[in-house]
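Thank you all for coming. I would like to take a few minutes to walk through one structure, moving from its open space to a few of its residues.

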Amino acid sequence: MTETAPGTTDASRRVRREIVSFVRRSNRMRPPQRRAWQQYRDGLVIDVPRLDTSTSVHPDSAVDLDREFGRQAPLIVEIGPGTGESLVPMARARPECNILAFEVYPPAIARLLGALVTQQVPNVRIVAADAVSGLTHLLPERSLDELWTFFPDPWPKSRHFKRRLVQPAFVDLVASRLKYRARWRLATDWAGYAEAIRTLLDDHPGLVAQHDHEWAARWEGRPLTRFEQRGLAAGRAVFDLTYRRVS
Ligand SMILES: C[S@@+](CC[C@H](N)C(=O)[O-])C[C@H]1O[C@@H](n2cnc3c(N)ncnc32)[C@H](O)[C@@H]1O
């Protein structure tokens, strides 16, 4: 499948590969992480062909999710689960759903794999790639029942705003992948990013806010993670947003 994000040109694809929403960190793993990666990746990490970097997805890639999950079921995608501190309990609470996670940091994926296996959570598969490439090249339009984006890297300095994941082209991409009525749930502890996201999503003709107030109530389905606790301890408020795809 070779789908292209709406409005994507060769030039913008080049830019997208260079400006990514994550820091390219060392992939070195500690011995327990390496063991978890080696023991558990088969069957849980979906291999994809790469284009130019280890986090890219080749435009000619295809993935058969029914085969990867061993069944047909509603599809939830999470972008950036980190070690899975919230993903693992959320997946366990939804055995009826297939959950596909895009994460770029292999040491975190190794810990996620260990947690999935020891806690016997069978309904998660992982693609070790940039979610922008993954959504663009692996998932067809109108294929997601829900998307989770919790605590995306905030890039708080204005000279780094261009690195934020939630940008106009990304919102178009997400809107194109959500099924009609599907939800996009987000949370961030950076007020400026929360406001920028809300403006972008409010202005998108294919998305409608699910909250009457400025922000959504904290989603009770989202476990409190150490990451969120650190933000709260530093005096930052947490902002939840929930939107639905409309036609
Ligand atoms: C700030 S952490 C939040 C982790 C987790 N969601 C939580 O709430 O604890 C952001 C995560 O997103 C991942 N990430 C950032 N940009 C990404 C992208 N474009 N595709 C996939 N993962 C990404 C990072 O590697 C990191 O694990």
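Before I come to the pocket, let me fix a term: the helices I name are DSSP runs of H or I with at least four residues, numbered from the N terminus. Please also keep in mind that this is a predicted model.

With that in place, the largest pocket has a volume of about 980 Å³. Its lining is made up of 39 residues, and those closest to the centre are G80, P81, G82, E103 and D153. If we ask which elements give two or more residues to this lining, they are β1, spanning 75-79, α5, spanning 106-118, β4, spanning 144-150, and α9, spanning 226-233. Of these, α9 gives the most, with four residues. Sorted by class, the lining holds 18 nonpolar residues, eight polar ones and 13 charged ones.

Let me turn to the aromatic rings, of which the structure holds six pairs. One of them joins F150 and W219 in a tilted arrangement, with 6.1 Å from centre to centre and 40° between the planes. Because F150 lies in strand β4 while W219 lies in the loop between β6 and α9, this pair ties together parts that are 69 residues apart in sequence. Both partners count as buried, F150 at 7% relative accessibility and W219 at 10%. Ring pairs also bring in W148, so that W148, F150 and W219 are linked into a cluster.

Next, helix α6, covering residues 131-138: is it enclosed or open? Eight of its eight residues are buried, and it is therefore largely enclosed by the rest of the structure. Among these buried residues are H137, S133 and T136, as well as L135 and L138. At the start of α6, a side-chain oxygen of D130 comes to within 2.9 Å of the backbone nitrogen of V132.

Finally, I would like to look at a single residue, T188, which lies in strand β5, residues 178-188. How accessible is T188? Its relative accessibility is 0%, and since the cut-off for buried is under 20%, T188 counts as buried. A polar atom of the T188 side chain lies 3.1 Å from the backbone nitrogen of W190. If we leave aside its neighbours within four places in sequence, T188 is in contact with F151, Y193 and A194, and also with A237, V238 and F239.

That is where I will stop, and I am happy to go back to any of these places.

How values were computed
Residues are numbered from 1 along each chain as its sequence is written. This is a predicted model: local features need pLDDT of at least 70, side-chain atom pairs count only at pLDDT 80 or more; totals for chains, interfaces and linings use all residues. Side-chain values use heavy atoms; hydrogens and water are left out. Buried means under 20% relative accessible area, exposed over 50%, partly exposed in between (1.4 Å probe, protein chains only). A polar contact is a pair of N or O atoms within 3.5 Å; within protein, one must be able to donate a hydrogen and the other to accept it, and residues adjacent in sequence count only if both atoms are side-chain atoms. Contact means heavy atoms within 4.5 Å. On a 1 Å grid over the protein atoms alone, a cavity is a set of points where a 1.4 Å probe fits but cannot get out, and a pocket is an open set with protein on both sides within 12 Å along at least five of seven lines; lining residues have an atom within 4 Å of a point. Grid points are joined across faces, edges and corners, and a volume is the space filled by probe spheres set on the points. Ala, Val, Leu, Ile, Met, Phe, Trp, Tyr, Cys and Pro count as nonpolar, Asp, Glu, Lys and Arg as charged, and the others, Gly among them, as polar. Rings of Phe, Tyr and Trp (its six-membered ring) pair if their centres lie within 6.5 Å; planes under 30 degrees apart count as stacked, over 60 as edge-to-face and the rest as tilted.
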